[in-house]
Amino acid sequence: MITILNDNFTELNQFLHEKSFSKIFILVDENTHEYCLPVLLGNMETDLGFEILEIEAGEEMKNIQTANQLWEILTEMQADRKALVINLGGGVITDMGGFVASTYKRGIQFINIPTTLLSMCDASIGGKTGIDLMHYKNMVGTFAFPEQIFIYPKFLETLPFKELRSGFAEMLKHGLIADRAHWDQLIQIHKLDVEAVIPHIQTSMNIKQEVVEKDFHEKNIRKTLNFGHTIGHAVESLCLQQGNPILHGEAVAMGMICEAHLGYLENLISEEDSQRIIENIQRYYPYLDISDFKDDDITALLLNDKKNTDSKINFSLLSEIGKCTYDYQCSQKNILESLHFYRKLNDA
């Protein structure tokens, strides 16, 4: 399902040749339209007609209004059930494009060509599609696998540093929940750049893929992939609500710090492991100011997290570096203490 493309995109062209699609629709945002679409079109060999669908860049575009516009365009262009959607972009594009394709006419085929580190290692893999509802992250979506995922690592060279760093957070998470050796290798990276990251992408993708194959519909072990996301998503949602969106990886890094400390408070991991995790994450990520957010604001969003049952907040927390528990319910006192702990880091 995951294929690394060569410079001629031979594998993609073979895929297009072997399948009997009626038409191709390529979904991009304004950034991938400028930096990545010319590379794709310059190497794509097909006799099929194709259309370019462009949306504005940014998490704030991942909503039902944008989805509705895309459904209407597909309808106006007479896309049938044999059409193919190519999602060329980061997590917003693969989430949005997968959702639109998996619901249009009850589902048409789509492939993902992720262009950011975040989407290569996380968002494009696993068959989760979705859009945000109001300021709630990924509240509406489907489970739908793409036909294929094609990775072209050179697209990473088009990224601003902040986007590269954002994706690196998910790679760190993969090591923390499932592979200590991967974590140990990643924290040896002293200068975070494309050259340093590329050798580790395949391992990170494999971790995500293996977890998903064991639990596609997130009934058990797939929940471990949410480490750092319970608190991280709440903060990301509040920033989006304020009209000041932050990158997903920035929120996840902050969430992993809080939830690593929360694991210590709940006696799941040692203080030494918790501190080691926190100090290494701090090496790569600046402090995220959450001073404007009240505890009640964050707690309200935690209570609406998708993983919850019976109005109880379910966390995925580390039991050691490389292993993770799920459906863990923490005391309210410790949840708040983890937030206070993070706020105090700015004073250190």
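This dialogue walks through helix packing, burial and backbone angles in the predicted model above.

Reader: What should I keep in mind about the numbering and the model before I begin?

Author: Residues are numbered from 1 along each chain as its sequence is written, and side-chain values use heavy atoms, with hydrogens and water left out. This is a predicted model, in which local features need pLDDT of at least 70 and side-chain atom pairs count only at pLDDT 80 or more, while totals for chains, interfaces and linings use all residues.

Reader: At what angle do helix α7 and helix α9 pack, and how far apart are their axes?

Author: Two packed helices are described by the angle between their axes and the distance between the axes. Helices here are DSSP runs (H or I, at least four residues), as strands are (E, at least two), numbered from the N terminus. Axes are lines fitted to C-alpha atoms, for helices over the stretch in contact, and angles run from 0 to 180 degrees between N-to-C directions. Helix α7 (residues 161–178) packs on helix α9 (residues 194–214) at about 45 degrees, with the axes 10 Å apart. The two are therefore oblique to each other, given that angles under 35 degrees count as roughly parallel, over 145 as roughly antiparallel, 65 to 115 as roughly perpendicular and the rest as oblique.

Reader: Which residues of α7 and α9 make the contact?

Author: With contact meaning heavy atoms within 4.5 Å, α7 contributes L164, F168, E170, M171, H174 and A178, and α9 contributes V194, V197, H200, I201, S204, I207 and K208. By class these residues are eight nonpolar, three polar and two charged, where Ala, Val, Leu, Ile, Met, Phe, Trp, Tyr, Cys and Pro count as nonpolar, Asp, Glu, Lys and Arg as charged, and the others, Gly among them, as polar.

Reader: Which residues of helix α13 are buried, and why do they lie on the same side of α13?

Author: An α-helix has 3.6 residues a turn, so residues three or four places apart point the same way. In helix α13 (residues 295–302) the buried residues are D295, I298, T299, L301 and L302, buried meaning under 20% relative accessible area, exposed over 50% and partly exposed in between (1.4 Å probe, protein chains only). They are on the same side of α13 because they cover an arc of only 160 degrees around the axis, the arc being that of the directions from the helix axis to the C-beta atoms. These buried residues pack against β7 (136–140), α10 (229–241) and α14 (332–345).

Reader: How does α13 pack with α14?

Author: Their axes are 11 Å apart, at an angle of about 125 degrees, which makes α13 oblique to α14. The contact joins D295, I298, T299 and L302 of α13 to Q332, I335, L336, L339, H340 and R343 of α14.

Reader: Which sign does phi have in M134 and in E218?

Author: Most residues other than glycine have a negative phi, and most peptide bonds are trans. In M134, however, phi is positive, near 55 degrees, and in E218 phi is likewise positive, near 55 degrees. M134 is in the loop between β6 (131–133) and β7 and counts as exposed, at 65% relative accessibility, whereas E218 is in the loop between α9 and α10 and is buried, with a relative accessible area of 15%.

Reader: Is M139 of strand β7 buried, exposed or partly exposed, and what does M139 touch?

Author: M139, found in strand β7, is partly exposed, with a relative accessible area of 28%. Apart from neighbours within four places in sequence, M139 is in contact with I131, D132, L133, N304 and K306.
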